[in-house]
Amino acid sequence: MSGDPTFPRLHGRPERGWVNDPNGCFFAGGRYHVFFQHNPDAPVHAAIKWGHMSSADLVTWQPEPVALVNRPGEPDAYGCWTGCVVDDDGVPTAVYSAVNGNRPLAGVLLARGDRSMRTWQQTSSLVVGPPRDPTVSQVRDPYVFEAFGHRYAIQGAGRGDGQPCVLVYDCDDLTAWRELGVLLDGDDPVAGVIAPADVWECPNLVRLGDRWVLVVSLWRREGLMGVRYLVGDLTLPGPCFRPQTGGLLDRGPCFYAPQLLPLPDRTLMWAWAWERDRPDTADWAGCLTYARELSLVGDVLVSRPAADLPAIDLEPGPGALWLDDTLVAEFEVPASPLVPPRLFLDGSMVEIFDGTATPFTTRAYPTHSSRWHVRGQDDARRDRAVAPADG
């Protein structure tokens with residue numbers, strides 16, 4: 001892809017094919033492993049497999065062999081969709097959505113990996129099928145976490161009447177899940193206002209300090225409507241999640257389906273950045289964001305770059321990013337920023353950390369002769385040309 005000025009060279013995606021949701025984010029043997037939904041044969045969402053990349057420093061990414069494949073005649077014949085990777089008594093184990101004929105009601109399969117995480121043995125027996133509640137019309141995207149001395153899993157779901165929910169399971173034994181009920185649904189007065197959706201996709205639940213944070217991606221019949229976070233408490237019996245507050249995880253138009261990786265010293269996050277208003281001529285589509293580090297400041301979830309990547313510093317005050325004569329994004333850097341104000345440009349990937357808690361992710365498509373500019377909205381003297389990261 002050396003000749004394509006729109007291709008994100010530093011983000012680690014394969015040179016060809018389709019990429020969406022990050023999956024199985026995991027740290028082992030001194031390396032970060034990130035899997036993702038991937039169609040290596042065409043830039044379309046079909047015959048989904050798990051692609052794989054790894055890094056020792058979150059900066060330089062090494063392509064790895066395709067990990068999971070959809071298999072004719074198996075529960076994942078149509079695709080290996082979103083899931084996670086957990087350490088199951090020393091064995092890296094993928095827990096993923098297996099999609100066959102009934103695509104809205106995905107089952108859950110396991111795959112056992114070796115220590116290098118390059119070889120996987122996919123199972124054929126679902127560890128959980130459709131939920132007991134007959135009103136649940138869509139379910140997918142398992143995410144495993146630990147609390148109260150036990151291992152649990154959640155899945156995103158939605159009912160036929162348009163109410164979103166998150167289902168919870170006991171999975172101390174990964175091969176024998178027990179459905180426990182509803183972790184949270186759209187009847188909750190806080191969640192219903194902050195995260196309105198028909199289905200909550202890709203739920204992630206992590207502990208930050210003494211609070212719990214639930215992240216949900218908003219699926220509606222008219223399209224994908226961004227990502228929200230909810231801050232609250234996890235309680236027994238249940239477990240049940242009771243949010244007190246929440247907000248927007250990213251302000252941009254191209255951010256969806258993040259996955260969180262809790263580590264002993266920090267919590268990392270990757271998300272899918274889809275293409276936007278691009279002519280359908282490339283043989284690749286989709287990218288993952290750079291890794292971000294999450295923290296709570298009061299009740300506000302703050303995102304910051306997780307690695308020392310090539311960036312452009314932003315000055316305090318109002319500003320705007322332009323590509324040639326097209327306005328890409330407007331922002332305002334506060335005098336006392338929460339995070340270092342940085343602009344990341346990599347091919348068509350644009351990630352703006354403007355000093356506030358909430359970044360801005362979008363896409364813009366340069367040609368070989370294009371020029372990027374950062375301009376102060378009220379001060380022409382602050383107009384300056386900038387070079388992309390791979391410049």
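Three cavities of 30 Å³ or more turn up here, a cavity being a set of points on a 1 Å grid over the protein atoms alone where a 1.4 Å probe fits but cannot get out. This is a predicted model, so local features need pLDDT of at least 70 and side-chain atom pairs count only at pLDDT 80 or more, while totals for chains, interfaces and linings use all residues. Residues are numbered from 1 along each chain as its sequence is written, and side-chain values use heavy atoms, with hydrogens and water left out.

The second largest cavity holds about 50 Å³ of space. Strands β1 (17–28), β5 (79–88), β9 (136–147), β13 (199–208) and β17 (256–262) each give two or more residues to its lining; strands are DSSP runs of E, at least two residues long, numbered from the N terminus.

Then there's the largest pocket, where a pocket is an open set with protein on both sides within 12 Å along at least five of seven lines. Its lining takes two or more residues from each of β1, β5, β9, β13 and β17. Lining residues have an atom within 4 Å of a point, and a volume is the space filled by probe spheres set on the points, joined across faces, edges and corners.

| Site | Volume | Lining residues | Nearest its centre |
|---|---|---|---|
| Second largest cavity | about 50 Å³ | 13 | Thr82, Cys202, Asn204, Pro258, Gln259 |
| Largest pocket | about 560 Å³ | 22 | Val85, Val86, Val144, Leu261, Pro262 |

By class, the cavity lining has seven nonpolar, four polar and two charged residues; for the pocket lining the split is 17 nonpolar, one polar and four charged. Ala, Val, Leu, Ile, Met, Phe, Trp, Tyr, Cys and Pro count as nonpolar, Asp, Glu, Lys and Arg as charged, and the others, Gly among them, as polar.

Now for two single residues. His38 sits in strand β2 (residues 31–39) and is buried at a relative accessible area of 4%, buried meaning under 20% with a 1.4 Å probe and protein chains only. A polar atom of the His38 side chain lies 2.7 Å from the backbone oxygen of Trp18. Beyond four places in sequence, His38 touches ten residues' worth of company, including Pro14, Val19, Ile48 and Val66; contact means heavy atoms within 4.5 Å.Gly252 lies in the loop between β16 (240–248) and β17, and is buried too, with a relative accessible area of 17%. Leaving aside neighbours within four places in sequence, Gly252 is in contact with Pro359, Phe360 and Thr361. The C-alpha atoms of Gly252 and Val182 are separated by 30 Å, and these residues are 70 apart along the chain.

Conventions. Helices (H or I, at least four residues) and strands (E, at least two) are DSSP runs, numbered from the N terminus. Buried means under 20% relative accessible area, exposed over 50%, partly exposed in between (1.4 Å probe, protein chains only). A polar contact is a pair of N or O atoms within 3.5 Å; within protein, one must be able to donate a hydrogen and the other to accept it, and residues adjacent in sequence count only if both atoms are side-chain atoms.
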